[in-house]
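Reader: I am new to this structure and would like someone to walk me through it. Could we take it slowly?

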Amino acid sequence: MMRSGNPALRADVFDQAPRSGTIGDAMTINGTVGKTAFSLLLVVLAASLTWSQTPNPLIMIGGGIGGFIVAMVTIFKKQWSPVTTPLYAVLEGLFLGGISSMYEARFPGVVLNAVVLTLGTLGALLIAYRSGVIKATENFKLGVVAATGGIAVVYLVTMVLGMFGVGVPYVHESGTIGIAFSLFVVVIAALNLVLDFDFIENGAAARAPKYMEWYGAFGLMVTLVWLYLEMLRLLSKLQGRN
C-alpha cells in the first residue's frame with residue numbers, strides 16, 4: 001500500500017493507472033525530476049509578474065482560485081496532467097508572487113529566507129531519502145498522514161469560524177503556542193515530501209505511463225507550495241515577536 005498525506009498522491013493513484021508496455025513510454029524518476037524543475041521555473045516566472053509592493057488583488061486571488069480548480073481537475077483527470085500541471089504552476093506562481101510581496105512589505109527579508117529554507121529542506125530530505133537515512137515505513141506513512149489530516153481539520157475549523165467572525169486564539173498568533181504550531185506544521189509538510197518521493201519511486205517501479213511523470217511533478221508542487229506558505233507563516237511569526 002502506497003500512502004501519502006498529499007491528496008494528489010493518494011494510495012490508489014498509480015494502481016489505477018495502466019501499466020506501460022515499453023520502457024520508453026514508462027514513468028521514470030529522472031523524468032519526474034525534470035518536469036518538477038520545469039514546473040518550479042514556471043512558478044518563479046509567474047511569481048515575478050505579481051511581485052510588487054502593490055500587488056493586484058484580482059490577479060492574486062484569481063491565481064489562487066484558478067490553481068485550486070486546476071488542481072481538482074488534475075486529481076480527477078490524471079491523463080490531462082501534461083497540460084494541467086504547467087497551468088497549475090503558472091496560476092500558483094501568480095498567487096504566490098502577490099502574497100509573498102505582502103509578507104515582504106511587512107516583514108522585510110522573509111521571502112528570501114522562506115525560499116531558501118523551502119529549497120534547502122527539499123534538497124536535504126531528498127538526500128536523506130536516497131541515502132536511506134529516512135525510510136518511508138508503513139508506520140511513518142500512517143503517522144504523517146494522520147498528522148496532515150489533523151492540520152487540515154484545524155485549518156478548516158479556523159476558516160469556518162472566521163466566516164462568522166470568530167477567531168481561534170493562540171494558534172495563528174505570534175506567541176509561543178502559535179510559533180510551536182507553525183513549526184509543527186512545517187515539519188509535517190516537510191515529511192510529506194518523503195512520502196511523495198517514495199510514492200513516485202513506487203510509481204516508476206510499477207511502470208506507470210509516461211504522463212504520470214507530470215502527475216508526480218504536480219504532486220510534489222502541491223507539497224512544496226504548502227511548505228513554502230508555512231515557512232512564510234513561521235518566519236513572519238518569529239519576526240513579529242521582535
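Author: What follows is a short conversation about some helices, salt bridges and a surface patch.

Author: This is a predicted model, in which local features need pLDDT of at least 70 and side-chain atom pairs count only at pLDDT 80 or more, while totals for chains, interfaces and linings use all residues. Residues are numbered from 1 along each chain as its sequence is written, and side-chain values use heavy atoms, with hydrogens and water left out.

Reader: How many salt bridges are there?

Author: The count comes to five, where a salt bridge is a side-chain nitrogen of Lys or Arg within 4 Å of a carboxyl oxygen of Asp or Glu. One of them joins the side chains of Glu213 and Lys35, at 2.8 Å from N to O. That pair links distant parts of the chain, with Glu213 in helix α8 and Lys35 in helix α2 (residues 29-50), 178 residues apart. Helices here are DSSP runs of H or I with at least four residues, and they are numbered from the N terminus.

Reader: Are Glu213 and Lys35 buried or exposed?

Author: Both Glu213 and Lys35 are buried, a word that means under 20% relative accessible area, with exposed meaning over 50% and partly exposed in between (1.4 Å probe, protein chains only). Lys35 and Glu213 also belong, together with Lys210, to a network of salt bridges.

Reader: And which residue forms a salt bridge with Arg130?

Author: Arg130 pairs with Glu201, and their closest N and O atoms are 3.1 Å apart. Arg130 lies in helix α5 and Glu201 in helix α7 (residues 176-205), so this pair ties together parts that are 71 residues apart in sequence. Arg130 is exposed, at 55% relative accessible area, whereas Glu201 is partly exposed, at 30%.

Reader: Changing topic, what does Thr118 in helix α5 touch?

Author: Leaving aside neighbours within four places in sequence, Thr118 is in contact (heavy atoms within 4.5 Å) with Leu224, Leu227, Tyr228 and Met231. Thr118 is buried, since its relative accessible area is 5%.

Reader: What do the buried residues of α3 pack against?

Author: They pack against α4 (81-106) and α8 (212-240). The buried residues of α3 include Gly63, Gly66 and Gly67.

Reader: Where does UniProt place the "transmembrane region" feature?

Author: The unreviewed UniProt entry places this feature at residues 36-52, 58-76, 109-130, 142-165, 177-199 and 211-229; positions follow the numbering used here, feature names are shortened, and annotations may be inferred rather than shown by experiment. In the model, residues 211-229 are 95% helix and 0% strand, with end C-alpha atoms 28 Å apart.

Notes
Helix = DSSP H or I, 4+ residues; strand = E, 2+ residues; numbered from the N terminus.
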